[in-house]
Structure formats: C-alpha cells, structure tokens
Amino acid sequence: VNDKIAENNQYFPEELKSFLGNTDEIMKLKQDLILFANTDLPILIHGESGTGKTLVAEIVHKISSRKNKSFLPVNCSAIVPTLFESEVLVM
C-alpha cells in the first residue's frame, strides 16, 4: 500500500475507507463526496450501468447531516422524461 494513500485515507470518514481504490482519481472522488455531503443541494449521479452510482449515493447519504433520515435512490432512466420534472424536482 502506498504510504501517501494510507496516510490520506486516515482523514476520511469510516464509510469512505471501505470505498475500494487508491488512485489519485479515487482519492479526488472521496474528497468530492465529502464536499457534496456537506451541502443541502440535490445531487445527480450519472454514469454507465454497473459503475457504482447507488454505492456513491449511499456513501454521500451516510456521511451527510441527513444520515438519520430515509434514503431513497431513484433510477432516473426508469422515469418517463415528461414526469421527471414534475415528480423529481419537487422533492
């Protein structure tokens, strides 16, 4: 294990320590997840199928101030585009 990465990982919340990977990109992602979790803004996570979008959403929820509230992941590709704005953006 790279000493720099092991040293940097000690500063991440426990939920992020289990997020596998030690590349510079993964470390940047972990930093970004902390940043996103500390906002009250809605977050849209997109990517190819099987890339871990739900895992990322769960981690953001677990490290946010809303961690004690319900978590409901939404697969936006399953929503008819005309309903997306009226149903999702109202949340």
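Helices here are DSSP runs of at least four residues, numbered from the N terminus. With that settled, I read the elements of the protein chain from the N terminus on as α-α-α-α-α. That makes 5 helices and 0 strands.

**Entry 1: how far to trust it**

I am looking at a predicted model, so I checked confidence before anything else. The mean pLDDT of the protein chain is 78, and 81% of its residues reach 70 or more. Where is confidence lowest, and where is it highest? Helix 1 (residues 3–9) has the lowest, at a mean of 50, while helix 4 has the highest, at 89. I kept that in mind when choosing what to look up.

**Entry 2: the chain as a whole**

I took the totals next. The protein chain has 91 residues, and 21% of them count as buried. It exposes about 7,200 Å², with carbon and sulfur atoms supplying 55% of that area. I also looked at contacts between residues at least 6 apart in sequence: 32% of them join residues at least 24 apart.

**Entry 3: the core**

Which residues make up the largest nonpolar core? I listed F12, L16, F19, I26, M27, L33, A37, V56, I59, V60 and I63, 11 residues in all. Two elements, helix 3 and helix 4 (53–62), give two or more residues to this core. Helix 3 gives the most, with 4 residues. As a general reminder to myself, nonpolar side chains tend to be buried together in soluble globular proteins.

I then picked out I63, one of the core residues, and asked what it touches. Setting aside neighbours within four places in sequence, I63 is in contact with P13, E15, L16, L33, I34 and A37. Of these partners, L16, L33 and A37 are also on the core list.

**Entry 4: helix 4**

Helix 4 came next, given its confidence of 89. Its buried residues are V56, A57, I59, V60 and H61. Helix 2 and helix 3 are among what covers them.

The histidine caught my eye. Is H61 buried or exposed? H61 has a relative accessible area of 14%, and the cut-off for buried is under 20%, so H61 counts as buried. Apart from residues within four places in sequence, H61 is in contact with R66, K67, K69, S70 and F71.

**Entry 5: salt bridges**

I searched the whole structure and found 2 salt bridges.

The first one I looked at joins K28 to D32, with the closest N and O atoms 2.7 Å apart. Both residues sit in helix 3, and being 4 residues apart they are separated by about one helical turn. That fits the general rule: an α-helix has 3.6 residues a turn, so residues three or four places apart point the same way. K28 is partly exposed, at a relative accessible area of 44%.

The other joins R66 to D40, and here the closest N and O atoms are 3.5 Å apart. R66 lies in the loop between helix 4 and helix 5 (81–87), and D40 in the loop between helix 3 and helix 4, so this pair ties together parts that are 26 residues apart in sequence. R66 is partly exposed, with a relative accessible area of 28%, whereas D40 is exposed at 66%. I noted too that R66 is one of the residues in contact with H61.

**Entry 6: helix 2, helix 3 and the loop between**

K17 is in helix 2 (residues 14–17) and is partly exposed, with a relative accessible area of 37%. I took the C-alpha separation of K17 and K30: 9.0 Å, for residues 13 apart along the chain.

G21 is in the loop between helix 2 and helix 3. At 38% relative accessibility, G21 counts as partly exposed. Which residues does G21 touch, not counting those up to four places away in sequence? I found I26 and K30. I26 is on the core list.

**Entry 7: a nonpolar patch outside**

Last, the surface. L35, F36, I43 and I45 make a nonpolar surface patch of about 330 Å². I looked up F36 in particular: F36 lies in helix 3 (residues 24–37) and is partly exposed, at 36% relative accessibility. Helix 3 therefore has a residue in this patch and also gives 4 residues to the core.

Note on methods: Residues are numbered from 1 along each chain as its sequence is written. This is a predicted model: local features need pLDDT of at least 70, side-chain atom pairs count only at pLDDT 80 or more; totals for chains, interfaces and linings use all residues. Side-chain values use heavy atoms; hydrogens and water are left out. Patches are made of residues with over 30% relative accessible area and no salt bridge: like charges are joined within 9 Å, nonpolar side chains (Val, Leu, Ile, Met, Phe, Trp, Tyr) within 5 Å. Accessible areas come from the Shrake-Rupley method with a 1.4 Å probe; for residues, only the protein chains shown count as cover. A salt bridge is a side-chain nitrogen of Lys or Arg within 4 Å of a carboxyl oxygen of Asp or Glu. Buried means under 20% relative accessible area, exposed over 50%, partly exposed in between (1.4 Å probe, protein chains only). A nonpolar core is a set of buried Ala, Val, Leu, Ile, Met, Phe, Trp, Tyr and Cys residues joined through side-chain atoms within 4.5 Å. Contact means heavy atoms within 4.5 Å. pLDDT is the predictor's confidence in each residue, from 0 to 100.
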